[in-house]
Every structure is written in structure tokens, then in C-alpha cells.
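Here's a walk through one protein chain, going from the whole fold down to single residues. Have the viewer open and follow along.

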Amino acid sequence: MLACIAIPGFELRAALRSRPKLALRPAALAPAAGEEPLIGPVTVAAEVLGVLPGMRMGEALATCPGLVLVEQDPAAAEQAWEEILRSLEDAGFAVESADLGCVYFETRWVERLYGGLEAALERALAAVGTAWDPRAGAAERRFAALAAANVARPGQILIVSDERTDEFLAPLPLGLVPLEPRRQRELRELGVRRLGELAGLPQGAVAERLGPDGRRAWSLARGGAAARIRGRRPPAEIFESLEFPEAVGNELTLRRAFTTLLDQVLARADRERRFVRKTALGARLATGGSWRRTVTLRDPTADPDRIKAALASKLADLPAPVLELRLELVELAEHEGQQLELLPAAGAELDTRLREGLRQVRASTGSGSVCSVVEVAPWSRIPEARALFMPRDE
């Protein structure tokens with residue numbers, strides 16, 4: 001079985017850890033600077049008063065004048081999520097993180113360890129911690145497990161057998177499938193509000209009207225394909241930080257501080273002379289909350305100038321003066337360098353570039369993002385049934 005643990009509104013919960021009293025008041029996650037003024041997750045008290053995630057800020061404040069807008073704290077959210085993932089891994093689960101607040105794992109490897117499926121899921125919920133109100137869902141297919149976790153109540157385990165998948169998904173709201181808001185509205189205007197209603201439409205008609213996204217949504221509404229869970233590789237955990245005696249907003253000063261942090265982190269003995277593939281720059285803001293930017297390098301490198309060129313320009317995006325600057329090496333290459341050939345074989349350079357490009361995509365978007373086309377039914381009259389996308393190991 002595939003299992004999913006979901007924590008709705010995780011980013012808001014992480015931002016409220018330092019302000020626990022706000023969890024009982026009408027509060028919502030404020031939009032980031034420069035983004036469309038739409039509020040994020042909301043507390044239960046705000047939802048009772050009619051405030052919903054995705055509302056425009058003006059509409060939300062008009063609905064609830066006492067609404068408290070909580071500044072985003074991406075650094076705290078990343079740190080809290082990493083703690084949860086490591087806790088699950090310590091309990092024996094090979095996890096695949098889909099997003100902040102959503103993680104998948106296979107249960108067949110740990111069912112014998114904990115004495116059954118439900119016992120394993122209970123151990124997973126205990127590893128996450130009751131303070132986060134996690135929900136667990138399990139099914140033979142990934143989307144069905146995600147839907148079960150979203151439907152479950154806090155602390156509840158919901159298991160869906162493969163025979164009941166269609167029956168379980170049919171009455172669920174259309175918002176569970178990943179579709180753009182305008183596509184969601186288009187389907188609602190056509191009278192499609194449930195997954196069962198979408199699944200009952202002809203696939204060709206859905207694909208013709210909504211394109212590839214609609215075809216994928218239609219497939220998910222019918223349960224989706226079974227997918228393999230790939231355990232993640234833990235991050236490098238190498239970082240350096242610099243705390244300022246007072247708030248700093250001057251970009252030149254911040255660039256000098258960044259250069260100092262870069263020299264320090266590259267000199268760390270635990271880097272073991274490995275090249276840097278993915279790095280992150282974070283800051284604690286004077287106005288509250290935090291800021292974070294992640295960059296995946298095109299080619300792994302330990303050259304300070306190349307890393308500085310890729311990351312230092314992000315300092316211009318800082319929305320407020322900074323109290324603390326932090327530089328992390330998120331992912332390191334497996335090798336310390338590249339062995340050059342005296343006479344490279346024909347096509348070897350192209351093959352090397354292709355492999356590096358695939359590694360860069362995996363480092364940036366996750367292990368399951370690179371797939372190859374595998375023919376399964378080339379005789380089928382339905383084009384979508386002739387082949388499947390299968391994740392590549394290399």
C-alpha cells in the first residue's frame with residue numbers, strides 16, 4: 001500500500017509556532033511581497049467567520065475586520081518539515097516529500113516491523129506528532145492515498161482498498177485534483193463539481209476542452225496510475241549564519257556578508273571537498289518572518305565566483321532589512337571532480353551534458369520528475385493507453 005500523511009495549512013502552522021496564541025484567533029497567512037494579494041491557509045476561527053484560503057486580502061478583511069495577517073516564515077517551515085521527515089525516517093519509513101505538509105511512503109516494508117498496516121500508520125502519525133494534527137491515508141494508488149489523507153480527520157487513519165477506489169473518489173469535491181482555478185471554474189459552470197462527475201465524462205472530450213491538464217485530472221478522478229515511491233536522499237546539513245547587531249538593509253553590506261558566509265561554508269571540513277549542486281540563501285527579517293531562495297546550479301562546482309554569480313543577485317529580492325543571514329548547502333555532488341579523457345569518444349560530450357541536465361532537474365524538482373516513455377499497449381486505439389511515463393533511475 002501507498003500511504004500519505006497530510007498536514008493542511010502547514011506553512012501557517014509553522015509560522016504560528018512562535019505565536020501560539022494566534023492559533024485560537026481568526027488569522028491567515030499573508031501573501032508574500034510582490035505576489036497577488038491572496039491570503040493563504042486560515043485558522044479554524046477564521047474559517048468559521050467566513051474567511052477562506054485564496055480570498056483576496058480586501059475581501060477577507062471586509063468579511064472579518066479582526067483578521068490577523070501572519071507574515072510568511074519559509075525558513076521556519078522548511079526547518080519544521082525537515083524535522084518531521086527525519087522523524088519519519090528514524091521510525092523506518094523511506095519518505096518522498098511532495099510538498100510542505102504532504103509526504104508519501106510505502107508501507108509493505110514496515111508492516112511486519114510494526115504488526116500490520118494500521119499499526120504502521122499509527123507509528124507514522126506518532127512520529128509526526130499530535131501538535132501538527134496530521135491525517136493519514138492509504139491506498140494502492142497515489143492520488144487515492146492523497147484524497148484519503150485530505151478527507152480524514154486530525155489523527156485519523158483512512159484506508160481505501162483498490163476495489164472501493166472509484167466509489168470512494170466519486171463524491172469528493174473537484175478541488176482535490178490539481179487544476180488551474182480558471183479550469184476549475186469552467187468545469188463548475190458546466191455542472192461538474194465532484195470527481196465522479198468528471199470521471200463519468202468521455203476522456204476525449206475532456207482532453208479536447210481542457211488540454212493535457214484536463215486529461216491528467218480525468219485520469220486522477222478515476223484513481224490515477226499506481227506509482228512507485230522513491231525514498232529521498234537526506235540534505236547535506238552544512239550551513240553558516242551571520243547575525244547582525246542591528247537590522248541591515250544595505251545591499252552592499254549584505255553582499256559582503258554573503259561573501260564571508262560563502263568562504264566559511266566552502267571551507268567546512270564536513271563538505272569533504274565535494275562539489276555543490278543545490279544551495280539556499282535565507283534571512284530573518286526585521287519586520288518578522290523570514291525569506292528564503294533556493295538555486296540549483298547548472299553544473300556542480302566549488303568555485304566561489306560561480307556560486308556567488310548564481311545566488312548573490314537574490315539579495316535584491318529581500319523585502320525588508322535583515323537581522324540574520326544564512327547560507328546552506330542543500331545538496332552536494334557525489335564526486336569531488338570530473339576525470340577528463342585524452343580523446344573523448346564521439347557523442348560523449350552530448351551524453352555527459354544530458355546526464356548532468358537530468359541530475360540538475362532531479363535536484364531542483366525531486367527524484368520522480370525525470371521519466372521515460374515505456375510502451376505497454378502499442379496496439380491500443382487510444383493514444384494515451386499505448387505508453388506510460390516511468391521514473392528513471394539514471
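## Charge and overall build

How many positive and negative side chains does the chain have, and how far apart do the centres of the two sets lie? The chain carries 52 positive and 55 negative side chains, and the two centres are 2 Å apart. Keep in mind that this is a predicted model.

As for the fold itself, the chain has 14 helices and 13 strands. Its radius of gyration is 23 Å, close to the 21 Å that the globule rule gives for 394 residues, so the chain is as compact as a globular protein of that length. If you need a box for the C-alpha atoms, roughly 65 × 60 × 50 Å along the principal axes will hold them.

## Surface and contacts

The accessible surface of the chain adds up to about 21,800 Å². Carbon and sulfur atoms account for 51% of that surface. On the inside, 39% of the 394 residues count as buried.

Look at contacts with a sequence separation of 6 or more, and 59% of them join residues 24 or more positions apart.

## The two cores

In soluble globular proteins, nonpolar side chains tend to be buried together. Here, the largest nonpolar core has 31 residues. The members that touch the most others are Phe 168, Leu 169, Leu 174, Val 177, Leu 187, Leu 195 and Leu 198. Several elements each put at least two residues into this core: strands β1 (2-6) and β5 (102-106), plus helices α7 (142-151), α8 (165-169), α10 (195-199) and α11 (203-221).

Leu 187 is a handy place to start browsing. Setting aside neighbours within four places in sequence, Leu 187 is in contact with Leu 174, Leu 179, Val 192, Leu 198 and Leu 210. Apart from the largest core lies another one, with 28 residues, including Ile 7, Leu 88, Ala 120 and Val 128.

## Two of the helices around the main core

How much of α7 is covered? Mostly: seven of its 10 residues are buried. Those are Arg 142, Phe 143, Ala 144, Ala 145, Ala 147, Ala 148 and Ala 149, so-called nonpolar company with one arginine in the list.Over in helix α11 you'll find Ala 221. Ala 221 is buried, with a relative accessible area of 5%. Leaving out residues up to four places away in sequence, Ala 221 touches Leu 169, Leu 195, Leu 198 and Ala 199. Three of these names, Leu 169, Leu 195 and Leu 198, also appear among the core residues that touch the most other members. Gly 200 is 21 residues from Ala 221 along the chain, with 9.1 Å between their C-alpha atoms.

## Strand β9 and the loop before it

Is Val 276 buried or exposed? Val 276 is buried, at a relative accessible area of 0%. This valine belongs to strand β9 (residues 276-285). Not counting residues up to four places away in sequence, Val 276 touches Leu 266, Leu 297, Asp 299, Pro 300, Thr 301, Ile 307, Leu 329, Glu 331 and Leu 332. For a long-range reference, Glu 89 is 187 residues from Val 276 along the chain, and their C-alpha atoms are separated by 24 Å.

The loop between α12 (251-266) and β9 holds Glu 272, and Arg 273 lies in that loop too. If you check backbone angles, Glu 272 has a positive phi of about 55 degrees without being a glycine. Arg 273, not a glycine either, has a positive phi of about 60 degrees. Glu 272 is partly exposed at 49% relative accessible area, while Arg 273 counts as exposed because its 60% relative accessibility is over the 50% cut-off.

## A glutamate and a leucine to check

Glu 82 sits in helix α4 (residues 74-90). Where does this glutamate fall, buried or exposed? At 18% relative accessibility, Glu 82 counts as buried, since the cut-off is under 20%. Beyond neighbours within four places in sequence, Glu 82 is in contact with Arg 232 and Pro 235.

Leu 49 is in the loop between α2 (44-48) and α3 (57-63). Leu 49 counts as partly exposed, with 46% relative accessibility. Neighbours within four places aside, Leu 49 is in contact with Pro 26, Thr 63 and Cys 64. Leu 49 and Leu 261 are 212 residues apart in sequence, and 46 Å apart in space from C-alpha to C-alpha.

Notes
Residues numbered from 1 in each chain as written. Predicted model: local features only at pLDDT ≥ 70, side-chain atom pairs only at ≥ 80, totals over all residues. Heavy atoms only, no water. Core = buried A, V, L, I, M, F, W, Y, C linked by side-chain atoms within 4.5 Å. Buried < 20%, exposed > 50% of the residue type's maximum accessible area, 1.4 Å probe, protein only. Helix = DSSP H or I, 4+ residues; strand = E, 2+ residues; numbered from the N terminus. Contact = heavy atoms within 4.5 Å. Rg over C-alpha atoms; globule rule 2.2 N^0.38 Å. Areas by Shrake-Rupley, 256 points an atom, 1.4 Å probe, with all protein chains shown as cover. Lys, Arg positive; Asp, Glu negative; His and termini not counted. Charge placed at Lys NZ, Arg CZ, Asp CG, Glu CD.
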